[in-house]
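Let's go through this one by asking what backs up each label. Here is the structure.

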Amino acid sequence: MTDAALPLQPGAESGERQQTQSTLARVVHYTGLRMVALFVTVLIGVYLTILIANMGGHVDDIRRNYIREQVAISLGFDPDIKNMTAEERREHAEKLVALQEKRMGLDQPFLLRSFRFLLGAMTLNLGWADNMSSDSGSRQVRNIILERLPATILLFSTTFFLSFFVQLFVSLYLSRNYGSLIDRVIVALAPTSAAPSWFYGLFFILLFAALLGWFPFGGLVSAPPPDTTTGYALSVLNHMVLPVTATFLSSIFLGIYGSRTFFLIFSNADYVDMARAKGLPDRVIERRYILRPTMPTIVTGLALSIIGLWFGSIVLETIFNWPGLGRLFYLAANIFETAVIVGSTVIYAYLLGITVFFLDIVYALIDPRVKVGGNSGGQS
Amino acid sequence: MTAIRRTLAALSQYPSAVAGLAIIAAMVFFSIYTVIAIPYSEAVNLWRGGEGVWLENPRTAMPIWVNLFPGVNQPETIILGPAGETDVDSVRKTREIVSEEITDVITTFTFDFTADEFPQEISLFLRSEHEQKRPLVSLTWLTPDGREIRIADVTVEGPVTVRFSQEEKLERRLDGVRPEIGLFADPAASEDDPRPLKGTYQLVAAGLVFEDDADVDARLVVYGQVYGLAGTDHLRRDLTLALMWGMPVALAFGLMAAVGTSISTLIMAAIGVWFGGIVDATIQRITEVNLILPVLPILIMIGIFYSRSIWVMLGALIVLSVFSSGIKTSRAIFLQIKEDPYFEAARAYGAGNFRIIFLYLIPRIIPTLVPGFVVAIPSFVFVEATLAVLNLGDPLLPTWGKVLSDARVNDALYQGHYYWVLEPAALLLISGIGFAMVGFALDRVFNPRLREL
């Protein structure tokens with residue numbers, strides 16, 4: 001039962017062995033197309049983000065004020081300034097400001113600037129942060145963001161795989177035991193998924209950190225970090241328990257409910273009854289007759305849930321002080337660190353794009369329609 | 001009407017739906033009551049009025065009902081005076097002419113203290129009426145066992161507040177014990193584990209005034225550890241206000257966001273399906289872009305750069321979800337029903353495109369979308385709470401999310417102020433579950449097989 005999803009592949013290939021080459025080509029072709037399409041999509045998404053971020057020249061204003069402030073400060077240290085008249089002083093300052101604005105490209109028309117900014121954003125080349133720095137001391141936005149990425153990915157890949165497999169197997173089990181007590185309990189629990197993960201996180205902190213003291217309130221490792229690698233890993237695991245469980249609980253019941261209903265609909269189909277009548281064992285029926293046609297839809301549902309997961313991460317990480325992207329975003333938002341905010345938004349767009357892309361590949365691998373190349377071209 | 005009645009009859013088959021409907025009805029009723037009882041401007045004024053409005057409330061006090069738990073007996077706030085406003089037994093004010101120039105104005109506060117815990121703070125608000133010579137007030141504390149403790153001597157000029165906890169001399173006189181504990185402590189109990197002495201306490205504010213018309217009024221506040229039905233926050237604000245006002249705000253936000261997003265998505269899907277071709281393809285592509293658009297980060301950006309008003313957020317949320325993934329679901333259904341013969345009939349009598357879209361296509365699938373719409377309401381309520389937790393809540397309105405956010409920023413969980421988190425969370429959860437239960441039941445009533453889309 002551990003890998004019910006995997007045996008699809010040999011079974012599928014044995015039937016169409018002579019077509020393997022073209023199947024691979026089609027999958028590659030499909031994936032390539034999707035990749036280009038998704039890249040364009042991400043590009044548009046990031047451009048929109050930039051437009052929103054700079055709507056009405058807001059970001060430019062912030063930058064202009066910053067330049068003015070910097071110039072004013074630097075003039076304060078300039079020994080020549082004392083010999084100038086007020087008029088000269090003002091002119092000198094204006095000249096410096098204009099110079100700086102030109103250097104930052106602020107004198108160019110907005111359209112041109114936005115494309116330059118887009119290029120910078122896509123390569124995460126967003127310059128330096130004013131008031132933030134990475135733990136390693138760098139003030140480059142790219143370093144600040146990339147440093148936080150692993151923590152977020154660690155947390156969310158764990159949650160994702162946990163909930164995916166639990167959801168799959170529990171819903172299969174429930175569709176087999178339709179109407180049993182546990183089935184009814186889980187269906188009754190489905191509405192609890194209306195609350196986001198951070199909400200459960202609050203309760204967990206209250207219960208397991210504040211009252212019982214079993215787990216830490218938040219953070220990535222205990223302070224000071226353990227010396228040994230094993231100790232470090234264990235400490236991280238210990239800190240992961242609460243956020244992972246919170247995310248897991250917030251999505252699992254609705255997920256199980258959805259796929260259980262879905263499996264139920266399919267397990268009442270005529271061809272499944274036929275297979276049962278033939279006397280095929282339950283496992284084979286599940287794998288070949290129920291899972292196989294439902295997989296693409298399940299995967300699509302999954303794509304949407306992951307997207308929700310990414311956004312939930314901003315608050316979840318803030319609540320748990322998890323040093324990931326979400327918390328970075330929150331911190332940057334609180335001190336108006338524009339470059340980091342835009343950069344994090346871009347990274348989120350990338351992450352969503354990559355997520356959708358990987359799911360597309362999975363989709364291509366399991367959806368027979370992609371494999372056969374659509375209705376018309378499949379026969380050649 | 002019959003359709004609605006039939007739906008309600010079908011819903012009554014599900015106990016969960018009945019419970020959910022009861023919750024929603026209670027919320028609606030309570031929201032209407034709140035909006036009438038505390039008008040919008042008053043709510044905003046109270047919530048944003050600063051500490052002055054709530055001067056006589058304790059800080060982060062638990063709700064009063066914690067005293068119902070066995071073994072818990074927290075003190076309530078005792079407010080006495082000025083004389084004439086409270087009953088004569090507890091506040092007695094006498095006026096006695098000592099000499100030609102000096103008059104004694106003595107206010108005696110008498111109160112019973114029966115709680116097992118110490119009060120939070122003691123303050124005396126003094127106000128004088130005089131022309132030139134400032135009145136002098138000396139304060140004395142009388143404990144039930146007959147001890148007399150001198151508190152302080154104060155010259156009163158206009159309104160003066162004596163905070164007992166800030167009287168350093170008093171603290172020294174009490175051997176370094178904080179006054180709110182030292183004044184109430186039972187001398188028999190050990191110093192490490194002080195217990196309050198129960199009984200009748202008295203505070204005597206003996207004032208000397210030096211003019212004929214001069215007077216001194218005093219008001220004693222012994223801040224308790226519990227307050228009101230919901231407790232108070234770090235700014236002494238009564239949480240009842242925020243919890244009450246949070247309900248209409250949550251309902252309005254959730255409802256409007258759900259209506260706005262589902263209707264706009266529906267119209268887009270209908271337009272795409274009806275016109276087909278490039279229009280449909282464009283809408284489909286935009287939907288794909290929209291799927292990758294990081295909605296929450298963009299909302300946060302809008303909150304930071306433009307406005308934190310809850311209505312701006314609502315508008316942005318709706319605009320961002322016009323092309324949400326819901327389009328795909330509606331589109332699939334539209335594609336099916338588009339082939340129905342009555343569309344041909346409509347076209348035959350010369351109906352325009354938009355007439356067909358709005359009067360023929362959209363009404364057909366609204367029932368199938370009702371469940372999703374009901375389920376979506378709480379998720380939007382939680383979006384508001386999410387924004388508030390990220391410090392992007394509405395700057396004026398008290399909402400549940402704001403309360404949670406304040407609690408989080410002030411480390412409520414770490415410091416053990418559990419009520420502060422639990423109350424808004426419980427309300428959020430109850431309203432969320434109420435809508436979700438109704439929505440799920442509606443789902444089963446309306447479209448038993450539609451889930452497969």
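**What the labels rest on**

Chain A has 14 helices and zero strands in its secondary structure. The model is predicted, so local features need pLDDT of at least 70 and side-chain atom pairs count only at pLDDT 80 or more, while totals for chains, interfaces and linings use all residues. Residues are numbered from 1 along each chain as its sequence is written, with chains lettered from A and ligands numbered from 1 in the order in which they are written.

Q: What makes a stretch of chain A count as a helix?
A: Helices are DSSP runs of H or I with at least four residues, strands are runs of E with at least two, and both are numbered from the N terminus. Read along the sequence, chain A goes α-α-α-α-α-α-α-α-α-α-α-α-α-α.

Q: How do you know which residues of chain B touch chain A?
A: Contact means that the C-beta atoms of two residues, placed from the backbone, lie within 7 Å. By that test, 38 residues of chain B are in contact with 46 residues of chain A. On the chain B side, α15(B) gives the most, with 10 residues.

Q: What makes up that side of chain B by class?
A: It has 28 nonpolar, six polar and four charged residues. Here Ala, Val, Leu, Ile, Met, Phe, Trp, Tyr, Cys and Pro count as nonpolar, Asp, Glu, Lys and Arg as charged, and the others, Gly among them, as polar.

Q: Why are β2 and β6 of chain B called edge strands?
A: Strands pair if DSSP finds at least two bridges between them. The open sheet runs β2-β3-β8-β5-β6 (chain B), with antiparallel pairing, and β2 (91-97) and β6 (148-155) each pair on one side only. For β6(B), the pairing with β5 (residues 136-142) of chain B covers seven bridges, and one of the links is Ser138(B) with its bridge partner Asp153(B).

Q: How do you know what belongs to the largest nonpolar core?
A: A core is a set of buried Ala, Val, Leu, Ile, Met, Phe, Trp, Tyr and Cys residues joined through C-beta atoms within 7 Å. Buried means 20 or more other C-beta atoms within 10 Å of a residue's own (12 or fewer is exposed, in between is partly exposed). The largest core has 151 residues, and Met301(B), Leu390(B), Leu404(B) and Leu428(B) touch the most other members. Leaving aside neighbours within four places in sequence, the contacts of Leu428(B) include Ala195(A), Phe199(A) and Trp400(B).

Q: How much of chain A counts as buried?
A: Of its 380 residues, 33% do.
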